[in-house]
Amino acid sequence: MTQAWRPEGDDDSRRGGAAAIRVRVPAKINLHLGVGPLRPDGYHELNTVYQAISLYDELTARRGDTLALTMEGEGAGELALDESNLVIKAARALAAYAGVPAHARLHLRKQIPLAGGLAGGSADAAATLVACDALWGTGLGRDELAGIAAGLGSDVPFLVHGGTALGTGRGEAVSPVLTKPVSWHWVVAIADGGISTPQAYREIDRLREIGAAPAPLAGTDALLAALRQQDPAVLAAAIGNDLQPAAISIRPALAETLKAGERAGALAGIVSGSGPTCVFLAADADAAAQVAAALDPSVCRLVHTAYGPVPGARIV
């Protein structure tokens, strides 16, 4: 059961507290995910191109005497709501940085699946930074929030900004990719269960060690050039993910999901991030709807259509 939230104008507003702050935050996909060798700090060197797509979580922040989190939707009853949750970690990190009490009542409505390769936890952390910054009046800019975000996870800085961006380092060093405005249309096939990111990285290391993985992807130049051409067929030929063999090794059924999407008319399919979500590029919105309708429930649990790029965490 989900905690009930009182409407605007409740006791908080009569006491002079801030109104509820509602933030919507997108999922991310990796159009290119090049995974380098393991670094001494335990992370892999990454060269990636992120895109934020129109599959959203929503976080509401209200005044409180303590820090508390409730949720509904994807992962309800599975996701821990304690100090291990990135939402709580993000609120505490912002409070420590700004020198304010970490007091807020936070409520999360999730649509992005857990451990799905869509950065749902990172998205929620980004939403928390934006929401609590507004709730507490800390007045930080996006770049400053992204700096705090980098300490929370590799994908969190990107989801503060959104759009399409190049990520380097462990993915936390983000530079926007500037292209003419264009919408790319995606079909998002969500699998049962998840794959933890560390598990996927361990598996690609193992596959490489035994010579069972393809050669690592080259740099991002071809992908960035494809984005500039604004042709879905060109982009389809350029997307790639070094973690895809690892995800398929862990979940062999993903190979059939990818084949099913392409049989349904997608221009290309790819495992999203560490998986197990698969995303398919379509020529346009109508083609995406047709692919989504054709995907058999036997190859995925849920199907969404989405478009990108979209902005990162924003107050709505």
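Here are some worked exercises on a predicted model, each with a solution in steps.

**Exercise 1: the two faces of helix 11**

Task: Find which residues of helix 11 (residues 285-294) are buried, and work out why they line one face of the helix.

Solution:
- Step 1. Start with the buried residues: in helix 11 they are A287, A288, V291 and A292.
- Step 2. Now look down the axis of helix 11. The buried residues fall within an arc of 135°, so they line one face of the helix.
- Step 3. Turn to the other side of helix 11, where D286, Q290 and A293 are exposed.
- Step 4. Ask what the buried residues pack against. Their partners are strand 7 (184-190), helix 10 (253-263), strand 10 (278-282) and strand 11 (302-308).
- Step 5. Finish at the start of the helix: there the backbone nitrogen of D286 has a side-chain oxygen of D284 within 3.2 Å.

**Exercise 2: a pair of helices**

Task: Describe how helix 3 (residues 120-136) and helix 4 (residues 142-150) pack.

Solution:
- Step 1. Take the geometry: the axes are 10 Å apart, and the packing angle is about 125°.
- Step 2. Put the angle into words. An angle of 65 to 115 degrees would count as roughly perpendicular and one over 145 as roughly antiparallel; helix 3 and helix 4 are therefore oblique to each other.
- Step 3. Add the handedness: the crossing of helix 3 and helix 4 is right-handed.
- Step 4. Name the residues that make the contact. Helix 3 brings L129, V130 and D133, while helix 4 brings R142, L145, I148 and A149.

**Exercise 3: two buried residues**

Task: Locate T48 and S272, and find the residues each is in contact with.

Solution:
- Step 1. T48 belongs to strand 2 (residues 44-62). Its relative accessible area is 0%, and the cut-off for buried is under 20%, so T48 is buried.
- Step 2. The side chain of T48 has a polar contact of 2.8 Å with the side chain of N30.
- Step 3. Beyond its neighbours within four places in sequence, T48 is in contact with N30, H32, L33, A165, L166 and G167.
- Step 4. S272 sits in the loop between strand 9 (268-271) and strand 10. With 1% relative accessibility, S272 counts as buried too.
- Step 5. Leaving aside neighbours within four places in sequence, the contacts of S272 include K28, I29, N241 and T277.
- Step 6. S272 and A189 are 83 residues apart along the chain, and 9.7 Å separates their C-alpha atoms.

**Exercise 4: backbone exceptions**

Task: Where are the cis peptide bonds at P276 and P309, and where do A119 and Q230 with their positive phi lie?

Solution:
- Step 1. Recall the usual pattern: most peptide bonds are trans, and most residues other than glycine have a negative phi.
- Step 2. G275 and P276 are joined by a cis peptide bond with omega of about 10°. P276 is in the loop between strand 9 and strand 10.
- Step 3. The bond from G308 to P309 is also cis, with omega near 5°. P309 is in the loop between strand 11 and strand 12 (314-315).
- Step 4. A119 has a positive phi, near 60°. This residue is in the loop between strand 4 (104-110) and helix 3, and A119 is buried at a relative accessible area of 11%.
- Step 5. Q230 has a positive phi near 60°. Its loop runs between helix 7 (221-229) and helix 8 (232-238), and at 28% relative accessibility Q230 counts as partly exposed.

Methods: Residues are numbered from 1 along each chain as its sequence is written. This is a predicted model: local features need pLDDT of at least 70, side-chain atom pairs count only at pLDDT 80 or more; totals for chains, interfaces and linings use all residues. Side-chain values use heavy atoms; hydrogens and water are left out. Buried means under 20% relative accessible area, exposed over 50%, partly exposed in between (1.4 Å probe, protein chains only). Helices (H or I, at least four residues) and strands (E, at least two) are DSSP runs, numbered from the N terminus. The arc is that of the directions from the helix axis to the C-beta atoms. Contact means heavy atoms within 4.5 Å. A polar contact is a pair of N or O atoms within 3.5 Å; within protein, one must be able to donate a hydrogen and the other to accept it, and residues adjacent in sequence count only if both atoms are side-chain atoms. Axes are lines fitted to C-alpha atoms, for helices over the stretch in contact, and angles run from 0 to 180 degrees between N-to-C directions. Angles under 35 degrees count as roughly parallel, over 145 as roughly antiparallel, 65 to 115 as roughly perpendicular and the rest as oblique. A crossing is left-handed if the near helix is turned anticlockwise from the far one by less than a right angle, and right-handed if clockwise.
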